[in-house]
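Student: I would like to go through this structure with you, asking at each step what justifies the word that is used. Could we begin with contacts between side chains?

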Amino acid sequence: MPSHISRSRLLGISVAIIVLVGGVYLTRTQSGRELAYQAGQIASPENTKCDIADAPSITTGNVTEERTIEMDATSEIELVRTFKSAGNDDYLLPSSGLVIDVCEDGKWETVYRADADKEAPESIELDTLDTASSKVLVVKKEYAGAGTSMEWEIITLRNGKANVYPRGTLLDGVLDGKNYQFMGYNEVHVERNMVVETVPGYSADAARCCPDLPTLKIFYQFTADKIRVVSTEVVPGTPKN
């Protein structure tokens, strides 16, 4: 029986297999996890022994979001959870944490944990980004003070190991090159295969209340285990004073 693989992408991305049967093409889609099972790398997805209800408990806060994300084809399940802890005498505001657990050989293992302590963000939002080789997690962290600001990072999961890539000083480089200063109130979202950060424009003399330069949209891509700035653009009609 002749067969033809029309398209192949690496772990976590589907592979379309077209098979000619009696002169009719039949199409079936296989995920990276199914291919890993066929290669003997993981147990059958139908026979996994992990139950999400049995995942390691979070005792330092209340779970605010829970989702499974196929980032690593060598594990059976990846469970990503955010949680929020109430403030206490050391830090008055609520803070949020993040835990990533994977199921391998029927057993849960925590591969990443960021606790909800006094250095933690007030809230965490999750998004996913498709890259050329896999799906990655975009973690958006919001901090509150005189205003609000958002930091973000990308987490990959390969062979049961979490790798963290912060946006870091990339934003500072963009703003310094345009004589802007960062005063917070930025927003972050995923658009197709890019992370887009929207930043109000502040000159060196501007007050936090009153941005006096056009808002910027900064487009980032994640390739070869590196975040890079692809382009920037000005949001028309800003600032609105």
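Student: What makes the contact between the side chains of K140 and D127 a salt bridge?

Tutor: Before the answer, please keep in mind that this is a predicted model, in which local features need pLDDT of at least 70 and side-chain atom pairs count only at pLDDT 80 or more, while totals for chains, interfaces and linings use all residues. Residues are numbered from 1 along each chain as its sequence is written, and side-chain values use heavy atoms, with hydrogens and water left out. A salt bridge requires a side-chain nitrogen of Lys or Arg within 4 Å of a carboxyl oxygen of Asp or Glu; for K140 and D127 the N to O distance is 4.0 Å, and the pair is counted as a salt bridge.

Student: Why is this pair said to link distant parts of the chain?

Tutor: K140 lies in strand β9 (residues 135–144) and D127 in strand β8, 13 residues apart. Strands here are DSSP runs of E with at least two residues, helices are runs of H or I with at least four, and both are numbered from the N terminus.

Student: How do you know whether K140 and D127 are buried or exposed?

Tutor: The relative accessible area decides, with buried meaning under 20%, exposed over 50% and partly exposed in between (1.4 Å probe, protein chains only). K140 has 7% and therefore counts as buried, whereas D127 has 23% and is therefore partly exposed.

Student: Which other salt bridge links distant parts of the chain?

Tutor: The side chains of R167 and E151 meet in a salt bridge at 3.4 Å, N to O. R167 is in the loop between β11 (161–166) and α2 (170–177), and E151 is in strand β10, 16 residues away. R167, at 5%, is buried, and E151, at 36%, is partly exposed.

Student: What is there to say about R192, and which partner does its side chain meet?

Tutor: R192 forms a salt bridge with E191 (3.8 Å, N to O), and R192 is found in the loop between β12 (187–191) and β13 (194–201). With a relative accessible area of 67%, R192 is exposed, while E191, at 24%, counts as partly exposed. R192 also has a positive phi of about 60 degrees although it is not a glycine. Another such residue is D225, whose phi is near 60 degrees; D225 lies in the loop between β14 and β15 and is partly exposed at 35%.

Student: How many salt bridges does the rule give in total?

Tutor: The count comes to eleven.

Student: Why is the contact of W152 and Y220 called an edge-to-face aromatic pair?

Tutor: Rings of Phe, Tyr and Trp (its six-membered ring) pair if their centres lie within 6.5 Å, and planes under 30 degrees apart count as stacked, over 60 as edge-to-face and the rest as tilted. W152 and Y220 have 5.0 Å centre to centre and 75 degrees between the planes, and the pair is edge-to-face. W152 lies in strand β10 (residues 148–158) and Y220 in strand β14, so the pair ties together parts that are 68 residues apart in sequence. W152, at 2%, counts as buried, and Y220, at 1%, counts as buried too. A search of the whole structure finds two aromatic pairs.

Student: How do you know that the buried residues of α2 line one face of the helix?

Tutor: The buried residues of α2 are L171, V174 and L175. Seen down the axis of α2, they fall within an arc of 95 degrees, so they line one face of the helix; the arc is that of the directions from the helix axis to the C-beta atoms. The face turned away from this buried side carries the exposed residues D176 and G177.

Student: What makes the peptide bond between T238 and P239 a cis bond?

Tutor: Omega is about 0 degrees for the bond that joins T238 and P239. P239 lies in the segment after β15 (226–234).
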